[in-house]
Amino acid sequence: MISLFAIEENHFNDFKSKDIEGKKLSRTISAFANASGGDVYLGIREENETKIKHWEGFKSIEDANGFI
């Protein structure tokens, strides 16, 4: 099994913090839909300086409903 943190961000994979605004998330999803597709992982924050990723998931699956 591959860890999510081992996946490199590129034009097929993107990590987004759960603090993202709906408009910005919508733009990312639209860009993927207009290209070759890809995966968006919501709830993963990346440190700007160190590029270390941190899981900041949702307490329950219902907490993610506002993004769907």
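Strand S1 (residues 13–16), helix H1 (residues 22–34) and strand S2 (residues 39–42) form a β-α-β unit of right-handed sense, where right-handed means that, with the strands pointing away from the viewer, the path from the first strand over the helix to the second runs clockwise. Helices (H or I, at least four residues) and strands (E, at least two) are DSSP runs, numbered from the N terminus. The model is a predicted one, in which local features need pLDDT of at least 70 and side-chain atom pairs count only at pLDDT 80 or more, while totals for chains, interfaces and linings use all residues. Residues are numbered from 1 along each chain as its sequence is written, and side-chain values use heavy atoms, with hydrogens and water left out.

Within this unit, S1 and S2 pair in the parallel sense through four bridges, pairing being assigned if DSSP finds at least two bridges between two strands. Phe15 has Tyr41 of S2 as its bridge partner. S1 is covered on both faces, with Asn13 and Phe15 buried on one side and Asp14 and Lys16 buried on the other; buried denotes under 20% relative accessible area with a 1.4 Å probe, protein chains only.

The chain as a whole has one helix and four strands, in the order β-α-β-β-β from the N terminus.

| Property of the chain | Value |
|---|---|
| Span of the C-alpha trace along its principal axes | about 30 × 30 × 30 Å |
| Buried share of the 68 residues | 24% |
| Exposed area (Shrake-Rupley, 1.4 Å probe) | about 5300 Å² |
| Part of the exposed area from carbon and sulfur atoms | 52% |

Among contacts (heavy atoms within 4.5 Å) with a separation of 6 or more, 53% join residues 24 or more positions apart.

Technical notes: Buried means under 20% relative accessible area, exposed over 50%, partly exposed in between (1.4 Å probe, protein chains only).
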